[in-house]
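Biologist: Could you walk me through this model? I have a few questions, and I'd like to hear the reasoning behind each reply.

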Amino acid sequence: MRRVLHRLLTSTGAVLLAAAAVAVPGTPALAADPAVRLHFPDVSVAGRAEKVNALLAWIDVPGDEPAQFGPLTVTVDTAGTADVATVELFADFEGAAQQSCDVAGTVRTCRISGDLELEPGPNLVPLLALSARARPGAATGATGKLAFTARLGAGPAATGQSTVTVGEGVDLAGTVAEPVTVSPGAGVDTDLRVTNAGENPVKGVSLVMIGWHPSLLTGPGFRNCTYGALIVCTFADELAPGASYQLSTPMRLKIPADAAAGSTAGAVGGWYTTSDFRELLDAAPGAGDEILGPQGTGPAVRLAVAPPRKPVARAAAGQVDTEPGNNLLVSEIVVGGRRPDLVAVGATVAGRAGEKVQARVGFRNDGPGTLYHWTFDNTDPGTHVTVPAGLEAVAVDDRCFPAMLEVEDPEDFDEDLAGAADYVCLLDEGRTKAKAGQLFDFTFRVREHASAAAGRVRINEEMYRDGDPIDRNGANDSAQITVALSGGEGGGLPVTGADTARLGAGGAALLLAGAAGLLLARRRRTRFAA
């Protein structure tokens, strides 16, 4: 998780761009004319730092049915920024393969091939990405304008503009802390630090984090922080050059008393200047309360500062972090004690050609301790199911999806995910107590002239787990799905053996973790059609 989140949190606007996609359904519909509204954030640049942002289009589709539009032609005119910044098309962009771009003077013209298939109502569509760097010698505070146009087919052109400002260069550096071991049921103070690694004072900072489950946080929360999918705290403190700072009152976590040993909970974040944070928010229009969350109701927290150095004159322009790669903050706790043993659970199925047979496979927690899924990072072992060669999956648990899914766009998912040879089953919210387990329901059809070769259930494979395995014993992380071919009558047999009795109901129904990603994509209501 940390590797993924680091990439997100050190890419300007990336996290909140995803947030904006989630917020689309709640965004007021645009007027029918124009059908397109463009958005690109105002950008501050300084030093050698590169800022990359997406040009977005709100496209409103009237009526109740999806519609196709295209082709889409976009222009970017950089004439207004020639003296302050170098602005280029960013080639490493998700939609770049669909673009054909030409440059004539200061105008970049890109034609996006194919049709846009859009859902009724507002759609948020990323068009292209631009990188911006301060031009050497540009004066601090200097500004310029970027101009944009976009046209769908032969429709009217939509226009937009953005301001590029040369800011004062500063350098914030986060801290990658060593994991802290804590006992079940105990509280622990987190270590969140930032250093002003530059030569100029930094006037105000913001901390953006993701990772800690809300159930671990204690107290009413700080008044200058919001608690949603992201934890965001803003500070008015001035950070002196060379000094390090931490929260004046630490954020405190409380570990469940029955949490399994080895459970890890990590938060990954980044520190932003006031200007960079404002740009982060502006890069994601419509980011809603679900992402930023409610404000804390307790006293505000400050940064504990070292004695200030000699004051330095304040700059009028916004401050820009010129070394964003060192902004990473990591704080991690590990529950101490004897780790649990997770055991793969297989099945035996029997039937004759053409019959449908049912099986429940998964894993069992032999304890000690409870697995809190998604409260901690590494408590879902990722269940990999290989279907026996003589069987065909015809119905699949909602929490499972094909392991080798060759779909470029989540909108292309079929509701029926049957027929694959391998499945991965993932958990979301919920917990698995000691001596209980998680079983996933499959229905198979016995093939004609079926082979009796067994399938397999595997857990804790590196590809499908997050972080180091919590399991203390890897010897029982694999189990067979045994096939017993039958010539008798009647339906197929459910899973048999002692494991079924020990697992019982397997807990409440859990959502497929991967469905969260599908939900995000579907709520964006946007699909590129080739």
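Biologist: What share of the exposed area of the protein chain do carbon and sulfur atoms supply?

Modeller: Happy to start there, with the reminder that this is a predicted model. The protein chain exposes about 23,800 Å². Of that area, the part supplied by carbon and sulfur atoms is 52%.

Biologist: Which strand of the protein chain has the lowest confidence?

Modeller: The mean pLDDT of the chain is 80, and 78% of its residues reach 70 or more. Over residues 407–414 the pLDDT is below 50, although this stretch has 16 contacts in the model beyond near neighbours in sequence. Confidence is highest in β27 (residues 342–345), at 98, while the lowest mean, 26, belongs to strand β39 (residues 526–529).

Biologist: How many strands does the protein chain have?

Modeller: Let's take the makeup as a whole. Buried residues account for 48% of the 530 residues. Among contacts with a separation of 6 or more, 84% join residues 24 or more positions apart. Besides six helices, the number of strands is 39.

Biologist: In the open sheet of six strands, why is one side of β2 and of β7 left without a neighbour?

Modeller: The sheet has mixed pairing and runs in the order β2-β12-β11-β5-β8-β7. From one strand to the next, the twist averages 20°. β2 (43–45) and β7 (99–104) are left with one side lacking a neighbour in the sheet because each stands at an edge, with a single partner strand.

Biologist: Which residue in β11 does Asp-77 stand opposite?

Modeller: Start from the pairing of β5 (residues 72–77) with β11 (residues 143–152), which is antiparallel over six bridges. Asp-77 belongs to the β5 range. Across from Asp-77, in β11, stands Ala-147.

Biologist: How many residues are in the largest nonpolar core?

Modeller: Several strands each supply at least two residues of this core, including β18 (202–210), β20 (231–239) and β23 (264–273). The members that touch the most others are Met-209, Trp-212, Phe-235, Leu-247, Met-251, Trp-271 and Phe-376. A second, separate core has 32 residues, among them Leu-146, Phe-148, Leu-152 and Val-166. For the largest core, the count is 37.

Biologist: Leaving aside neighbours within four places in sequence, which residues is Phe-376 in contact with?

Modeller: Phe-376 is one of the members of the largest core that touch the most others. With those sequence neighbours set aside, the contacts of Phe-376 are Leu-216, Ile-255, Pro-256, Ala-259, Ser-263, Thr-264, Ala-265, Ile-333 and Val-335.

Technical notes
Residues are numbered from 1 along each chain as its sequence is written. This is a predicted model: local features need pLDDT of at least 70, side-chain atom pairs count only at pLDDT 80 or more; totals for chains, interfaces and linings use all residues. Side-chain values use heavy atoms; hydrogens and water are left out. Two strands pair if DSSP finds at least two bridges between them. Helices (H or I, at least four residues) and strands (E, at least two) are DSSP runs, numbered from the N terminus. Axes are lines fitted to C-alpha atoms, for helices over the stretch in contact, and angles run from 0 to 180 degrees between N-to-C directions. Buried means under 20% relative accessible area, exposed over 50%, partly exposed in between (1.4 Å probe, protein chains only). Contact means heavy atoms within 4.5 Å. Accessible areas come from the Shrake-Rupley method with a 1.4 Å probe; for residues, only the protein chains shown count as cover. pLDDT is the predictor's confidence in each residue, from 0 to 100. A nonpolar core is a set of buried Ala, Val, Leu, Ile, Met, Phe, Trp, Tyr and Cys residues joined through side-chain atoms within 4.5 Å.
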